[in-house]
Amino acid sequence: MATDQGPSMTTYVGIWVGLLAIVGIEVAVTYQHPETKDLLAVLLILAFVEAAIGLLFFMHMKYERKVLFWTFVPITLFVLLMMDHVWADAFRMFSLRLLQ
Amino acid sequence: MSDSELTMTAGHGALMEESPYGVQSKKLAMWLFVASDAVTFAAALVAYGFLRIGSPDWPRPFEWPSIANGLVMTFVLLSSSLTMLVAVRAAKAGLKSKAIQWLGFTMLLGIIFAALHLREWFHMFDEGWGLYKNPTGGPVDFGAAFFSVTGLHLLHVISGVVAIAVITLGYNRGRLDSNHVETTSLYWHFVDIVWMFVFPLMYLMNAR
């Protein structure tokens, strides 16, 4: 099976250390107290990088047939993108509450 | 012949084709579950984002001790993914006792994560936070969002520990094989990946 292939334990430990380092960066950035929108952007980018690493290496997506990736990932991302239509209404609520 | 081919053709001769995905049906089912569960968590996080953006006086209750606790929880959960990988490799290599040992470590780390999580929750309850309570007098939405999202994740961790325990017992008795261990590991890594979003969005974004 494709999953019999895969990285060595050394690589796994390296990835584990790398993921911990990214979490450390997230905390360090948070305590620089940037603006909320900047902090959100940085944290989301780093979280997606972590998720991609986890998906590819820990969940072995990298070592499966490409069709598995192309079946699940674009569709899931599409659904996640379709959820983003709510933000305009959230900002409208914010403006209304400021007026109260 | 690969395991997937064996599964797909067992009892049906050449009537059935090999899976185009090259994986066993139970593993494919786990991928389907993971994709749908990812959307569930995304919906919960989007709802949290919606509430947060819509509230001008959103509270930021987390002091450094809570963030440090979250960091330890992250370390524990990431380490449990590593122990799970060791368990899967051992199971694939036919090293049964080693695989069971590392599955045990994974469960232990899952239990530690849940205990740290509950400790944080009870600390917040003591401070007056609740599903519909805000001791600072601001919007109560914070408690609803925080306890819903982290509670959903905690439920997944506890379910994962139970699932690993069941798989370990079956594997130990020879009723289940290394493919079952691998399929369960997919779920466990997914729970880990979800935490990579929950920790920054629920804790770090609400740090003082």
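Reader: A:His33, buried or exposed?
Author: A:His33 is exposed, with 10 other C-beta atoms within 10 Å. A residue is exposed if 12 or fewer other C-beta atoms lie within 10 Å of its own, buried if 20 or more do, and partly exposed in between, with C-beta atoms placed from the backbone.

Reader: Before I go on, where do these numbers come from?
Author: This is a predicted model, in which local features need pLDDT of at least 70 and side-chain atom pairs count only at pLDDT 80 or more, while totals for chains, interfaces and linings use all residues. Residues are numbered from 1 along each chain as its sequence is written, and chains are lettered from A and ligands numbered from 1 in the order in which they are written.

Reader: Back to A:His33. Where does it lie?
Author: In the loop between helix 1 and helix 2 of chain A. Helices (H or I, at least four residues) and strands (E, at least two) are DSSP runs, numbered from the N terminus. The phi of A:His33 is near 50°, positive although the residue is not glycine.

Reader: Which loop holds A:His60?
Author: A:His60 sits in the loop between helix 2 and helix 3 of chain A. Its phi is also positive, about 65°, and A:His60 is not a glycine. A:His60 counts as buried, with 25 C-beta neighbours inside 10 Å.

Reader: How many helices and strands are there in chain A?
Author: Four helices and zero strands. Chain A is more spread out than a compact globule, because its radius of gyration is 19 Å, well over the 13 Å that the globule rule gives for 100 residues. That radius is taken over C-alpha atoms, and the rule is 2.2 Å times the number of residues to the power 0.38. The C-alpha trace of chain A spans about 60 × 35 × 10 Å along its principal axes. Of its 100 residues, 18% count as buried.

Reader: And what about chain B, what's its secondary structure?
Author: Chain B has six helices and zero strands. Its C-alpha atoms fill a box of roughly 70 × 35 × 20 Å along the principal axes. Of the 208 residues of chain B, 40% count as buried.

Reader: How many residues of chain A are in contact with chain B?
Author: 39 residues of chain A, in contact with 39 residues of chain B. Contact means that the C-beta atoms of two residues, placed from the backbone, lie within 7 Å.

Reader: Which helix of chain A gives the most to that side?
Author: Helix 2 of chain A, with nine residues. The side of chain A that touches chain B divides into 29 nonpolar, four polar and six charged residues. Here Ala, Val, Leu, Ile, Met, Phe, Trp, Tyr, Cys and Pro count as nonpolar, Asp, Glu, Lys and Arg as charged, and the others, Gly among them, as polar.

Reader: How many residues has the largest nonpolar core?
Author: 62, and those with the most contacts inside it are B:Ala87 and B:Val198. A nonpolar core is a set of buried Ala, Val, Leu, Ile, Met, Phe, Trp, Tyr and Cys residues joined through C-beta atoms within 7 Å. Helix 6 of chain B gives the most to this core, with 16 residues.

Reader: What does B:Ala87 touch?
Author: Leaving out residues up to four places away in sequence, B:Ala87 touches B:Ala99, B:Trp102, B:Leu103, B:Thr106 and B:Val181.
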